[in-house]
Amino acid sequence: AVGGVFYDHETYDDHYPQYLDQELGEKKTLTYRMLIKGGDVYKNYLSEWDMLENPKNILKENIVNLQWSWIFKKLNAKRGCLAIDNHEYELFKENLSKNNTKAKEASNYDFKDNVIKTSTLNNIYEPKCTTELPVSEEDLFKISHESDLKRLFTSKTGIADVLDTVLNKMENGEVNFISNETLCSFSERRIDLLFGTTEDKCMIIELKNDFIWDNNIYNQLMVYGRRISAYKRHYKEIIPILILKKAREISTAWNAKYYKYLSIENQKHNETSEWYNGIVEGINQAKRDLKDENIPKLQELQVYVFTTDIDNKLIRFNSF
């Protein structure tokens, strides 16, 4: 990556042709962009079979070292960019470079006669709008949907201090790997966020823009933890994290129940509602149950609630 994320507004309102429009076909709109530059380029390509499935190329010929995230992505038939962590990168690089030769450094490359070669063609994308951000800085911190939380964490991790209450870099290390909606099963289960750190810790983060708890959330965290424990054994700790929106504080209607307190009088005496108590007990029970699952390296469930102002702007996270 040699530049920040931007969007190309020329791709809106039927502004064609786009960059690589004919090559991509079907009028695919590549709205969100980032400038990249070739790093190590090798002359001989590696097929998907050789990279993903050929037993001879799997580390120690052990199924544990199959790159399941890549395979699930392929089976899901969505061939967008795929985030890989440092460990996966080393396996990828080892397979690609084995018995291969680097191509000369150049600005452009082409694929001819089954070999990757340097090219004199100029296919450099020269955007006219690299200063435009996909979302304004102010809007990044407005949380109206779960997707807004995901966008905030993926764009501001390591930058915005407000996130460090959750990420705790002093203890967990700096985040060096970010993956969102990570496919982790044939049934297309997706982890909201999966972060790796410089201390070889893995954070599994489930996001909810509500104060909620149910068995589905528990099963998600349990399955994700079990999957990471089985197939990503280089991680020293797996930290399950649940993020919830702070419960509404006080009800102003006599028959409401989805509030922490059902009246001002209840608040004065700290008499929380039956609904609120049920969620608290469910979360506490989940912490005990996850521990009893005996999943190797899985730590205790951490829960955080976030607070927003009247305009939905994020104020803080608090440990729950």
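**Figure 1. Gly173, a buried glycine in a loop.** With a relative accessibility of 8%, Gly173 counts as buried, because the cut-off for that class is under 20%. This is a predicted model, so please read each of these close-ups with that in mind. Gly173 sits in the loop that runs between helix H8 (169–172) and strand E5 (175–183). Leaving aside residues up to four places away in sequence, Gly173 touches Asn168, Thr197, Thr198 and Glu199. Another residue to look for here is Lys201: Gly173 and Lys201 are 28 residues apart in sequence, while their C-alpha atoms are 7.8 Å apart in space.

**Figure 2. The hairpin of strands E9 and E10.** Strand E9 (residues 302–308) and strand E10 (residues 314–319) run antiparallel and are joined by 5 bridges. If you would like a landmark on the ladder, find Thr307, which stands opposite Arg316 in E10. The two strands form a hairpin, with 5 residues between them. Asn312 lies in this loop between E9 and E10, and has a positive phi of about 70° although it is not a glycine. As background for that angle, most residues other than glycine have a negative phi. At 27% relative accessibility, Asn312 counts as partly exposed.

**Figure 3. The second largest pocket and its lining.** This pocket has a volume of about 260 Å³. Its lining is made up of 13 residues, and those nearest the pocket centre are Asp210, Lys245, Lys246, Ala247 and Arg248. Sorted by class, the lining holds 5 nonpolar, 3 polar and 5 charged residues. Strand E9 turns up again in this view: E9 gives the most to the lining, with 3 residues.

**Figure 4. Aromatic pairs, with Tyr45 and Phe111 in focus.** The count of aromatic pairs in the model comes to 7. Tyr45 and Phe111 form an edge-to-face pair, with 5.6 Å from centre to centre and 85° between the planes. The pair links distant parts of the chain, 66 residues apart: Tyr45 belongs to the loop between strand E2 (32–33) and helix H2 (48–53), and Phe111 to strand E3 (residues 109–112). Both rings belong to partly exposed residues, with a relative accessible area of 48% for Tyr45 and 43% for Phe111.

**Figure 5. A cluster of aromatic residues.** Which residues come together in one aromatic cluster? They are Phe211, Tyr258, Trp275, Tyr276 and Phe320.

**Figure 6. Asp113, in the loop after Phe111's strand.** Asp113 lies in the loop between E3 and strand E4 (115–118). Although Asp113 is not a glycine, its phi is positive, at about 55°. Is Asp113 buried or exposed? With a relative accessible area of 68%, Asp113 is exposed, because that class begins over 50%.

**Figure 7. Helix H6 and the glycine that follows.** The buried residues of helix H6 (residues 146–156) are Asp148, Leu149, Lys150, Leu152, Phe153 and Lys156. By side-chain class, Leu149, Leu152 and Phe153 count as nonpolar, whereas Asp148, Lys150 and Lys156 count as charged. H6 is followed by Gly158, where phi is positive, near 85°.

Technical notes: Residues numbered from 1 in each chain as written. Predicted model: local features only at pLDDT ≥ 70, side-chain atom pairs only at ≥ 80, totals over all residues. Heavy atoms only, no water. Helix = DSSP H or I, 4+ residues; strand = E, 2+ residues; numbered from the N terminus. Buried < 20%, exposed > 50% of the residue type's maximum accessible area, 1.4 Å probe, protein only. Contact = heavy atoms within 4.5 Å. Pairing = 2+ DSSP bridges. 1 Å grid on protein atoms, 1.4 Å probe; cavity = no way out; pocket = protein on both sides within 12 Å on 5 of 7 lines; lining within 4 Å. Points joined across faces, edges and corners; volume = space filled by probe spheres on them. Phe/Tyr/Trp six-rings, centres within 6.5 Å; stacked < 30°, edge-to-face > 60°.
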